[in-house]
Amino acid sequence: MGLFNFVKEAGEKLWDSVSGTGEDQSKKLHDYINKLGLPGSDKVDVKVNDGKASISGDAISQELKEKILVAAGNVAGITAVDDNVKVAEPATEAKFYTVKSGDTLSAISKQVYGDANKYNKIFEANKPMLSHPDKIYPGQTLRIPE
C-alpha cells in the first residue's frame with residue numbers, strides 16, 4: 001500500500017482536465033478500468049479528487065492490483081494513485097518504470113534484466129494496457145516483473 005506518482009499530462013484522455021466533478025471522473029476512471037477486461041477489476045472502488053485517484057478493494061491478486069494501479073495512473077490528469085487495495089495472497093511486488101523519450105521495450109529490458117530479448121516479459125506484464133510492444137510513450141508507467 002502507498003502512494004504512487006504519475007506524469008499528469010501523459011496517458012489516456014478520459015476527460016477535460018478542467019471540467020467534470022470528482023464523481024464524474026471517478027465513474028469514468030472506474031468504467032475505463034473495467035473496460036480493460038482485467039478479471040476482478042469490478043471488485044475495486046475508485047475515487048478521484050483533484051487529480052489523485054484512490055483505489056480500494058480486496059481479494060484480488062498482486063498482479064491484478066498492480067495493473068489496476070498502473071492503468072489508473074496512466075490516465076491524463078491523474079498525478080497520483082493511492083493504493084488501498086488488499087490482496088488475497090501477497091506476492092513479490094513488481095517494480096515500476098516511467099518511460100522516457102527514445103525508450104523502447106527492448107532498451108528497458110536491457111537496462112532492467114540485462115537482456116534486450118526479454119522485452120516480451122514487460123509487454124505481457126502490461127497487457128491489456130499495451131496493445132503492441134512498439135506503442136509506448138514518454139511519461140507512461142510500466143510494470144516490470146521480477
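Two residues are taken to be in contact when heavy atoms of the pair lie within 4.5 Å. By this criterion, and leaving aside neighbours within four places in sequence, Ile 55 of the predicted model is in contact with residues of several segments, among them Ile 33, Val 44, Val 46, Ile 68, Leu 69, Ala 72, Val 81 and Val 85. Polar residues also appear among the contacts of Ile 55, namely Asp 45, Asp 82, Asp 83 and Asn 84.

Ile 55 belongs to the largest nonpolar core, a set of 22 residues, and is listed with Leu 29, Ile 33, Ile 68 and Val 81 as having the most contacts inside that core. Two or more residues are given to the core by each of helix H1 (22–35), strand S2 (44–49), strand S3 (52–60), helix H2 (62–73) and strand S4 (80–87). The greatest contribution is that of H2, with 5 residues. Another core, apart from this one, comprises 10 residues, including Tyr 97, Leu 130, Ile 136 and Ile 144.

The secondary structure of the protein consists of 4 helices and 6 strands, arranged along the sequence in the pattern β-α-β-β-α-β-β-α-α-β. Strands S2 and S3 run antiparallel and are joined by 6 bridges; within this pairing, Val 46 has Ile 55 of S3 as its bridge partner. The two strands form a hairpin with 2 residues between them. Strand S3 is also joined to S4, by 8 bridges and in parallel orientation, with Lys 52 opposite Ala 80 in S4. Between S3 and S4 the chain passes through H2, and the resulting β-α-β crossover is right-handed.

Two features of the backbone geometry merit separate description. Most residues other than glycine have a negative phi, and most peptide bonds are trans. Asp 50, in the loop between S2 and S3, has instead a positive phi, near 50°. Asp 50 is classed as exposed because its relative accessible area, 76%, is over the 50% cut-off. The second feature is the peptide bond from Lys 127 to Pro 128, which is cis, with omega near 0°. Pro 128 is placed in the loop between helix H4 (119–125) and strand S6 (141–144).

Thr 79 occupies the loop between H2 and S4. Its relative accessible area of 28% lies between the cut-offs of 20% and 50%, and Thr 79 is therefore partly exposed. The C-alpha atom of Thr 79 is separated by 4.9 Å from that of Phe 6, although the two residues are 73 residues apart along the chain.

Over the whole protein, 44% of the 146 residues count as buried. Among contacts between residues at least 6 apart in sequence, 67% join residues at least 24 apart. The exposed area amounts to about 7,800 Å², of which carbon and sulfur atoms supply 48%.

The mean pLDDT of the protein is 88, with 89% of residues reaching 70 or more. Among the elements, helix H3 (residues 105–113) has the highest mean pLDDT, 97, and strand S1 (residues 2–5) the lowest, 68. Where pLDDT is low, the predicted coordinates should not be read in detail.

Notes:
Residues are numbered from 1 along each chain as its sequence is written. This is a predicted model: local features need pLDDT of at least 70, side-chain atom pairs count only at pLDDT 80 or more; totals for chains, interfaces and linings use all residues. Side-chain values use heavy atoms; hydrogens and water are left out. A nonpolar core is a set of buried Ala, Val, Leu, Ile, Met, Phe, Trp, Tyr and Cys residues joined through side-chain atoms within 4.5 Å. Buried means under 20% relative accessible area, exposed over 50%, partly exposed in between (1.4 Å probe, protein chains only). Accessible areas come from the Shrake-Rupley method with a 1.4 Å probe; for residues, only the protein chains shown count as cover. pLDDT is the predictor's confidence in each residue, from 0 to 100. Two strands pair if DSSP finds at least two bridges between them. A crossover is right-handed if, with the strands pointing away from the viewer, the path from the first strand over the helix to the second runs clockwise.
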